[in-house]
Amino acid sequence: MGQSDAVEYFNINDQPSSPRVHGTKKVSILPLIFLIFYEVSGGPFGVEDSVKTAGPLLALLGFLVFPIIWSVPEALITAEMGTVFPENCGYVVWVSSALGPYWGFEQVWMKWLSGVTDNALYPVLFLDYLKSGIPALGDGLPRAFAALALTFVLTFMNYRGLTIVGWAAVLLGIFSLLPFVVMGLVSLPKLEPSRWLVLNLGEVDWNLYLNTLFWNLNYWDSISTLAGEVDNPKKTLPKALFYALILVVFGYFFPFLVGTGAIPLDRDLWTDGYFSGIAKVLGGVWLSWCIQGVAAMSNMGMFVAEMSSDSFQLLGMAERGMLPEFFAKRSCYGTPLIGIIFSASGVVLLSWLSFRDIVAAENFLYCFGMIMEFIAFVWLRIQYPAASRPYKIPTGTVRAIIMCIPPTILIFVALSVGAVVIGLVMQPCLKYAEKKRLMKFSTSAELSDLHGPEQESVDSLPE
């Protein structure tokens, strides 16, 4: 695949690869944990259908077993590769170093488009939670203007700085999970463990059940496009992924324990927003309103986290010379100015699609990108087993390959053919524009060489 014969695994330096911006604070471990939390989850909102489609037992088991099959391998690969390549290109540089610049560009096209498509959901979902209290936001011009205003405000937060986004994610995360802790406490006298064991395999909608699990437990790799902005990423990134994994699983599993154990089962009621109904039964109207409020606020956290990853990814590519130089321009706050503008524009354009269309397109694009990441991870493990890895998954190459098989099976689904075709032809067009000097490209001098001399031995890499 690609031009792998011309690609050499580049040297690993002691310092982070992405150029530092003087006066810009790096992200510490606590904000990073909650940025990952919002990249992946944001709380137990939108997972209620798993009980409706599969019943309590499978819903509980799903959010314990599926993370082992899917989330753990993806998080481990992100930790290893993100510390080998601690720069804002993230997974793009993994694929480029393994398979060549062409496939690296296809990776960024699919994953960036997937991220922007995903982000188009959150203003819509935020307004959906508010329209019961403010009916004017249900449709028409008021809803359109509200969506645009919300997109502008959240985009401006991204412009003001990643540290602001990170600490906002911390506050929103605590705020989002606290009502469920309260709901758990007031539910204790009403819990009946036998309700957790209800199972009827004949009534399971396996397609919707698995899609619900998949959609709510992916995007662990998105944080890799912020690795260049992290304080000491070679140590901080693996720890943050580990704690975020625990937080995400707890954030799903605990509310399910409460909701299915304290209330008699009526599967037809388990649809989006049902947790607020459970809260009303257990704690009263005030707790129900709290759940609805944090559900709406959670969409804000997911929006700013996703936009950060999408925009810094474009900046990282420009620093690698894979996009025109103007994408590397930073604001006075150290944020990727052009990347934010492009990502926000994509959100506005895609927000007019239906929820079903957005989710379908997002899953197709995301699956394509993940296949490329698994291939790159395995290829680099096979070709360069002795290369220095600040964090290495504690297993051999054969077991690493076996670890990738179950999630790979899950993502072998149909891809969005139109988007794939556009991506396949876009990179050669940009290279033609560079050759004809129609656009200016440059590679930051502070980045290590991605395409070193072919004769360089892996043994010469610094430990």
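This section describes the overall make-up of a predicted protein model, three of its helix packings and five single residues.

The model is predicted, so local features require a pLDDT of at least 70 and side-chain atom pairs a pLDDT of 80 or more, while totals for chains, interfaces and linings use all residues. Residues are numbered from 1 along each chain as its sequence is written, and side-chain values use heavy atoms, with hydrogens and water left out.

The protein contains 15 helices and zero strands, where helices are DSSP runs of H or I with at least four residues, strands are runs of E with at least two, and numbering starts from the N terminus. Of its 463 residues, 57% are buried; the term buried stands for a relative accessible area under 20%, exposed for over 50% and partly exposed for values in between, with a 1.4 Å probe and protein chains only. The accessible surface is about 19,100 Å², and carbon and sulfur atoms hold 67% of this area. Accessible areas were computed by the Shrake-Rupley method with a 1.4 Å probe, and for residues only the protein chains shown count as cover. Among contacts (heavy atoms within 4.5 Å) with a separation of 6 or more, 85% are between residues 24 or more positions apart.

Helix packing was described by axes, which are lines fitted to C-alpha atoms over the stretch in contact, with angles from 0 to 180 degrees between N-to-C directions. Angles under 35 degrees count as roughly parallel, over 145 as roughly antiparallel, 65 to 115 as roughly perpendicular and the rest as oblique. A crossing is left-handed if the near helix is turned anticlockwise from the far one by less than a right angle, and right-handed if clockwise. For residue classes, Ala, Val, Leu, Ile, Met, Phe, Trp, Tyr, Cys and Pro are nonpolar, Asp, Glu, Lys and Arg are charged, and the others, Gly among them, are polar.

Helix 1 (residues 29-40) packs on helix 7 (residues 162-187) at an angle of about 65°, with the axes 8 Å apart. The two helices are therefore roughly perpendicular to each other, and their crossing is left-handed. On the helix 1 side the contact is made by Leu30, Pro31, Phe34, Leu35, Phe37 and Tyr38, and the helix 7 residues include Leu162, Val165, Trp167, Val170 and Ile174. By class, this contact has 14 nonpolar, three polar and no charged residues.

Helix 7 also packs on helix 9, the axes coming within 10 Å and crossing at roughly 35°. This crossing is left-handed. Helix 7 contributes Leu177, Phe180, Val181, Met183, Gly184 and Ser187, and helix 9 contributes Leu247, Gly251, Phe254, Pro255, Val258 and Ala262. The contact divides into nine nonpolar, three polar and no charged residues.

For helix 2 (residues 49-84) and helix 14 (residues 397-410), the axes come within 9 Å and cross at roughly 115°. Helix 2 is thus roughly perpendicular to helix 14, and passes helix 14 in a left-handed crossing. Phe66, Ile69, Trp70, Pro73, Leu76 and Ile77 of helix 2 meet Met403, Cys404, Pro406, Pro407 and Leu410 of helix 14. The residues of this contact are eleven nonpolar, no polar and no charged.

Val47 is located in the loop between helix 1 and helix 2. With 0% relative accessibility, Val47 counts as buried. Not counting residues up to four places away in sequence, Val47 touches Phe63, Thr212, Asn216, Tyr252, Phe256 and Phe275. Its C-alpha atom is 7.7 Å from that of Leu213, although the two residues are 166 apart in sequence.

Two residues that are not glycines have a positive phi: Tyr219, at about 75°, and Asn232, at about 50°. Tyr219 lies in the loop between helix 8 (206-216) and helix 9 (233-262), and Asn232 is found in the loop between these helices. Tyr219 is buried, with a relative accessible area of 4%, whereas Asn232 is partly exposed at 39%.

Pro142 lies in helix 6 (residues 140-160) and is partly exposed at 42% relative accessibility. Pro142 touches Ala136 and Leu137, residues up to four places away in sequence not being counted. Pro264 is placed in the loop between helix 9 and helix 10 (274-283). At 55% relative accessibility, Pro264 counts as exposed. Pro264 and Leu191 are 73 residues apart in sequence, and their C-alpha atoms are 9.9 Å apart in space.
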